[in-house]
Amino acid sequence: MSDFSDEFRMPKGCPNCGNHMMKVSQAKSADDQVYCTSCNAEVCSWEEAERIMAETPRSESEQLIEDVMNNKKPSEEDY
């Protein structure tokens, strides 16, 4: 899956090892499974991961880490 997957950081860690780095297929269909990059455990579906990333409250430092790891530019309202 490594050749055709995207890695990203989730605010909620893997239930098995606590790692926050996950991978999902590049297609990112709602039913695609998200896997931990460390222990390769199945964590959730892409649809659930998007919901978790949108709804989970984070500290400012946690948000900055995710923005950098996910190559995301902070929005104007974040400041």
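Strand 2 (21–25) and strand 3 (33–36) pair in the antiparallel sense over 2 bridges. Two strands count as paired if DSSP finds at least two bridges between them. Helices (H or I, at least four residues) and strands (E, at least two) are DSSP runs, numbered from the N terminus. Met22 stands opposite Cys36 in strand 3. The model is a predicted one: local features need pLDDT of at least 70, side-chain atom pairs count only at pLDDT 80 or more, and totals for chains, interfaces and linings use all residues. Residues are numbered from 1 along each chain as its sequence is written, and side-chain values use heavy atoms, with hydrogens and water left out.

The pairing of strand 2 and strand 3 belongs to a wider sheet. In this open sheet, 4 strands follow the order 1-2-3-4, and the pairing is antiparallel. Strand 1 and strand 4 stand at the edges with a single partner strand each, so one side of each is left without a neighbour in the sheet. On average, neighbouring strands are turned by 30° against each other, direction ignored. Axes here are lines fitted to C-alpha atoms, for helices over the stretch in contact, and angles run from 0 to 180 degrees between N-to-C directions. Strands of a sheet pair through backbone hydrogen bonds, either parallel or antiparallel.

Strand 1 and strand 2 run antiparallel and are joined by 5 bridges. Ser5, found in strand 1, stands opposite Ser25 in strand 2. Ser5 has a relative accessible area of 13% and is therefore buried. The term buried means under 20% relative accessible area, exposed means over 50%, and partly exposed lies in between (1.4 Å probe, protein chains only). Ser5 touches Lys23, Val24, Ser25 and Gln26, not counting residues up to four places away in sequence. Such a contact means heavy atoms within 4.5 Å. At the other edge, strand 3 and strand 4 pair in the antiparallel sense over 3 bridges. Gln33 has Ser45 in strand 4 as its bridge partner.

Strand 2 is mostly covered, with 5 of its 5 residues buried. Met21, Lys23 and Ser25 lie on one side, Met22 and Val24 on the other. Both faces of strand 2 are thus covered. In a regular strand the side chains alternate between the two faces of the sheet.

Helix 1 packs on the sheet. The helix touches strand 1, strand 2, strand 3 and strand 4, and its direction makes about 85° with that of strand 4. Trp46, Ala49, Ile52 and Met53 are buried in helix 1. They cover an arc of only 120° around the axis, which puts them on the same side of helix 1. The arc is that of the directions from the helix axis to the C-beta atoms. Glu47, Ala54 and Glu55 are exposed on the other side of helix 1.

The largest nonpolar core has 13 residues. A nonpolar core is a set of buried Ala, Val, Leu, Ile, Met, Phe, Trp, Tyr and Cys residues joined through side-chain atoms within 4.5 Å. Phe8, Met10, Met22, Val34, Trp46 and Ala49 touch the most other members. Strand 2, strand 3 and helix 1 are the elements that give two or more residues to this core. Helix 1 supplies the largest share, 4 residues. Leaving out residues up to four places away in sequence, the contacts of Phe8 include Met22, Val34, Trp46 and Ala49. In soluble globular proteins, nonpolar side chains tend to be buried together.

The structure also holds 5 salt bridges. A salt bridge is a side-chain nitrogen of Lys or Arg within 4 Å of a carboxyl oxygen of Asp or Glu. One of them joins Glu66 to Arg9, with the closest N and O atoms 3.9 Å apart. This pair links distant parts of the chain, 57 residues apart: Glu66 in helix 2 (residues 60–69) and Arg9 in strand 1 (residues 5–9). Glu66 and Arg9 are both buried. The side chains of Glu66 and Arg58 also meet in a salt bridge (2.8 Å, N to O). Salt bridges that share partners join Arg9, Arg58, Glu62 and Glu66 into one network. Arg58 has a relative accessible area of 24%, so this residue is partly exposed.

Another salt bridge lies within helix 1 (residues 46–55), between Glu55 and Arg51. Glu55 and Arg51 are 4 residues apart, about one turn of the helix. Glu55 counts as exposed because its relative accessibility is 57%. Arg51, at 41%, counts as partly exposed.
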